[in-house]
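Here is a quick briefing to read alongside the model on your screen. Take a look at the fold before going through the points below.

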Amino acid sequence: MWGRNVYDSISKFLQFQLTVNVVAVIVAFTGACITQDSPLKAVQMLWVNLIMDTFASLALATEPPSESLLLRKPYGRNKPLISRTMMKNILGHAVYQLTIIFTLLFAALQRDQRPQDPRREERL
């Protein structure tokens, strides 16, 4: 029972970590190519990894095993750790997160490029 629970927890951990890292790398690379400046600085990337590792390790350690784990067949020795379903989930979540992040990034760029009203600057 514990072995299957550990395997499932490791799979969830990997899925979460790969999703976060894929998104972070794509955002950093694409943002640097388009805006000529990386949207995530090195220290910010380290903070993202630190926080995401903390949440993922908490999830890895806090899920207790259930009796239903014994009802399913064990995984084979040659079964890959990252299955097709996991890869679909990773890519699907990455596309969703990238859509939101790039929408916010480019909306902020458009907002910064608009001419400012001179009357507004006087009030500030």
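The notes below go from the whole chain to two annotated spans and then to one residue.

Please keep in mind that this is a predicted model. The protein chain has four helices and zero strands, and 18% of its 124 residues are buried.

**Overall chain**
- Following the sequence from start to end gives the pattern α-α-α-α.
- Among contacts in the protein chain with a separation of 6 or more, 84% join residues that are 24 or more positions apart.
- The exposed area of the protein chain is about 9,600 Å², with carbon and sulfur atoms supplying 65% of that area.

**Annotated spans**
- The UniProt record, an unreviewed entry, assigns the feature "transmembrane region" to residues 14–34 and 90–109.
- In the model, residues 14–34 are 100% helix and 0% strand, and their end C-alpha atoms are 30 Å apart.
- Residues 90–109 are likewise 100% helix and 0% strand, with 28 Å between the end C-alpha atoms.

**A look at Gln-15**
- Gln-15 belongs to helix H1, which covers residues 2–35.
- Is Gln-15 buried or exposed? Gln-15 counts as buried because its relative accessibility is 19%, and the cut-off for buried is under 20%.
- Which residues does Gln-15 touch, leaving aside its neighbours within four places in sequence? Gln-15 is in contact with Met-86, Asn-89 and Ile-90.

Notes. Residues numbered from 1 in each chain as written. Predicted model: local features only at pLDDT ≥ 70, side-chain atom pairs only at ≥ 80, totals over all residues. Heavy atoms only, no water. UniProt positions renumbered as here; feature names shortened; annotations may be inferred. Helix = DSSP H or I, 4+ residues; strand = E, 2+ residues; numbered from the N terminus. Buried < 20%, exposed > 50% of the residue type's maximum accessible area, 1.4 Å probe, protein only. Contact = heavy atoms within 4.5 Å. Areas by Shrake-Rupley, 256 points an atom, 1.4 Å probe, with all protein chains shown as cover.
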